[in-house]
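Please open the structure in your viewer and keep the selection tool at hand. The tour goes stop by stop, saying what to select and what is there.

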Amino acid sequence: MSQVPTLAALLSQLVVDAADRAGHAGVLDTVEPATPTNNPKFGDYQSNHAFRLGKALRTNPRKVAETVKSELTDHPLVDRIDVAGPGFINFHLNPTAVAAHVALQTASSTAGIPQAGANHTVVIDYSSPNVAKRMHIGHMRSTIIGNAFHRLYEACGWTVVADNHIGDWGTQFGKLIVSWHKDLDKERFAADPIAELERLYVAFGTWAEEDPSLADAARAETAKLQAGDEDNTRLWKTFIEISLREFESVYQRLGVEFDVTLGESFYNDALPGVVDSLLDAGIAIEDDSAVIIDFPEDHPVRAVRNRKLVIRKSDGAFLYGTTDLATLEYRLKEWSPREIVYVTDGRQQLHFTQVFEAWKTWRTSRGLSTDDVALRHSWFGTLKLPQGSMSTRKGNVIRLVDLLDEAVSRSRAVIDAKSSDLPDHERAAIAEAVGIGSVRYADLSQNPQSDVIFDWDRMLSLDGNTAVFLLYSAARCFSILRKVGVDASTLDLSVAAPEHPRERELVLALARFPEVVAIARQSHRPNLLCDHLFETAQRLNRFYAACRVIQKDGIADPSRLALVALTGRVFRSGLSVLGIPVLERM
RNA sequence: GCCCCCGUAGCUCAGUUGGAUAGAGCGACCGCCUCCUAAGCGGUAGGCCACAGGUUCGAUUCCUGUCGGGGGCGCCA
């Protein structure tokens, strides 16, 4: 299971080795990976190593580049090396060798993706909806982006613990229990339990506006539940069970799976101990009969300066931050992760910074290290409706199922128009894959941190840079292989020898796939992978338009056929990392 | 008031964490199917990267300030 290196890693290693031979060993402690050039006249890949070396050595980077170049050894992948401009080292690659390299990459079980996470565990906390309500499009981003991280980390060799930290505790249960006793419609509950729960929850808000005593009743029910009251506990469990079943149906369609679902309630018993420990350590203090963590005005992290985090309310109840601290401790103890990733809305930035900083202080105070785990709040931009923010209580929500259904139905209309020859059941399957894939891709293809104004047509577009284009491009590859009648798994893919410019462009994109996955994982930006697959698809289609694979006599060009098979494999890997199942035809 | 994000083509957004001549989709206009899927391909038009300084071989990217937009700041999550 030897690892196939990326072109970026391989070429930068050549430069580093040459620099060492030129007497520059140990000058720099980090290696800047080679990157593709933005213009073919500068070759295929470039190294900017000489700039950094030149800076460190206080020498002209151009001279450094020349020296390094003179020490560079021959490599089968490299046809020619130029030094250009102020000190760029440009690599002109050998297309046939690159194709052979791609053949090695795609043949490996890891698709050639660097296994940076081997022997490491990451906990990813994502989706995390609240119980007793159906998921709406506000839950979409955490679910889809979080799942993309899940897949990216796995592709990079990490052991992933995907944890759905559901909101299964809190004051909403008191409200729901009051409504349940007041107005439960048994028939509706039997027919559609989650819809009835949601109705009861919304109804409570309406009633409470006219009858303030209901709020007290709700608080009393919440307190009873927290005290372990049998009836309320039974109801609470029912609510959770119904909700999880509802969530599961959406997750299945979206291709989302969790390893554990440990909601807030799981940590209830640990909360008093957390607060006591923080009080004992002098990190938390009592203030107005609540317990808070105060961050001083000279705290090294500017964002938390003069901010306070309440960890126990004056009525003795615990909060979100308390649970988060308990959850953090549990995850460390249980899985010893190298990283913990929290995928939430950007509005929680301050909250998580407070939790992380409080935890560091707390842990240090116990003589423990905080260096063995990286905490990453991977926030995403807010999704808003054109009319403003959503609220189940106000009733202005778009349910996730409705979005998915609409996506599938729009895809179905297109398929019926374009592929009427396919059997009905296959068209239905294609519509599902295209519809769901489009929703996933629409979210993943932009920078996660950008805000989004929800727009049906934009979200469900089937033109341009969308999942459809990628699926279509992959299907074109499979179609050629099918037509030739070869078994792609037994085909000799080492015979690809790109000659035409469109072939060369394509094979370079294929070679780059593994390094893009690594970058997307590291930087938490699935859109970089989307961009690259889109670019690959464009190149495939340009190649397709310019180069025939199956000649007029019906015989396939072996080199081009291998190139098509390699492209199909890269699409398969890439789309699977995005959670979009490929289609053999469409 | 303090803190965090954002400002790139008519619209929606990318931009590999500082690299060479800033890209894509949509929309507009002009072309391409007797040929492996036209859900495709080729071409044209469209830019003071909000503005002003600074850092250096090099800035859309980093720093400072200004203007404009969004968000957060003690008992919700």
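The stops below go through two sheets, two arginines and the surroundings of an RNA strand. The model is predicted, and residues are numbered from 1 along each chain.

**Stop 1: a parallel sheet**

Select residues 121-125, which make up strand β5. Five of its five residues are buried, so color by accessibility to see a strand that is mostly covered. In a regular strand the side chains alternate between the two faces of the sheet. On β5, Thr121, Val123 and Asp125 lie on one side, Val122 and Ile124 lie on the other, and all of these are buried.

Now add residues 159-163, strand β6. β5 and β6 run parallel and are paired over five bridges. Look for Thr121 and its bridge partner in β6, Thr159. To follow the chain between the two strands, add helix α5, residues 140-155. The chain leaves β5, passes through α5 and reaches β6, and this β-α-β crossover is right-handed.

Next, select residues 339-342 for strand β10. This strand also pairs with β5 in the parallel sense, here over four bridges. Two pairs are worth labeling: Asp125 stands opposite Tyr342, and Ile124 stands opposite Val341.

With β11 added, the open sheet has four strands in the order β6-β5-β10-β11, with parallel pairing. Which strands stand at the edges? They are β6 and β11 (374-377); each has a single partner strand, so one side of each has no neighbour in the sheet. Ignoring direction, neighbouring strands of this sheet are turned by 15° against each other on average.

**Stop 2: an arginine beside β5**

Keep Asp125 selected and add Arg331, a residue of helix α12 (residues 320-335). Is Arg331 buried or exposed? Its relative accessibility is 0%, so Arg331 counts as buried. Show the side chains of Arg331 and Asp125: a polar contact of 2.9 Å joins them.

**Stop 3: an antiparallel sheet**

Clear the selection and pick residues 88-93, strand β4. Five of the six residues of β4 are buried, so the rest of the structure largely encloses this strand.

Add residues 78-84, strand β3. β3 and β4 run antiparallel and are joined by six bridges. Among the pairs here, Val83 stands opposite Ile89, and Asp82 has Asn90 as its bridge partner. The two strands form a hairpin with three residues between them, and Gly85 in this hairpin takes a positive phi near 55°.

Then select residues 45-47, strand β2. β2 pairs with β4 in the antiparallel sense over three bridges. In this pairing, Gln46 has Asn90 as its bridge partner in β4.

Add β1 to complete the view: the four strands form an open sheet in the order β1-β2-β4-β3, with antiparallel pairing. Its edge strands are β1 (35-36) and β3, each of which pairs on one side only.

**Stop 4: an exposed arginine**

Go to helix α10, residues 230-254, and select Arg245 within it. Arg245 has a relative accessibility of 53%, so this residue counts as exposed. For a distance exercise, add Tyr201: the two residues are 44 apart in sequence, and their C-alpha atoms are 18 Å apart in space.

**Stop 5: around the RNA**

Select RNA strand B together with the residues that surround it. How many residues surround RNA strand B? There are 69, and the closest are Lys313, Ser450, Arg476, Asp531 and Arg548. Of the atoms of RNA strand B that come within 4 Å of the protein, sugar and phosphate account for 57%.

Color the surrounding residues by class: the surface near RNA strand B has 29 nonpolar, 18 polar and 22 charged residues. Helix α19 (residues 526-546) contributes the largest share of this surface, with nine residues.

Finally, zoom in on three contacts with RNA strand B.

- Asn38: a polar side-chain atom lies 2.4 Å from a phosphate oxygen of the RNA strand.
- Arg525: an N or O atom in the side chain is 3.1 Å from a phosphate oxygen of the RNA strand.
- Ser314: a backbone N or O atom lies 2.8 Å from a base oxygen of the RNA strand.

Notes. Chains are lettered from A and ligands numbered from 1 in the order in which they are written. This is a predicted model: local features need pLDDT of at least 70, side-chain atom pairs count only at pLDDT 80 or more; totals for chains, interfaces and linings use all residues. Side-chain values use heavy atoms; hydrogens and water are left out. A residue is near a molecule or strand if one of its heavy atoms lies within 4 Å of it. A polar contact is a pair of N or O atoms within 3.5 Å; within protein, one must be able to donate a hydrogen and the other to accept it, and residues adjacent in sequence count only if both atoms are side-chain atoms. Ala, Val, Leu, Ile, Met, Phe, Trp, Tyr, Cys and Pro count as nonpolar, Asp, Glu, Lys and Arg as charged, and the others, Gly among them, as polar. Buried means under 20% relative accessible area, exposed over 50%, partly exposed in between (1.4 Å probe, protein chains only). Two strands pair if DSSP finds at least two bridges between them. A crossover is right-handed if, with the strands pointing away from the viewer, the path from the first strand over the helix to the second runs clockwise. Axes are lines fitted to C-alpha atoms, for helices over the stretch in contact, and angles run from 0 to 180 degrees between N-to-C directions.
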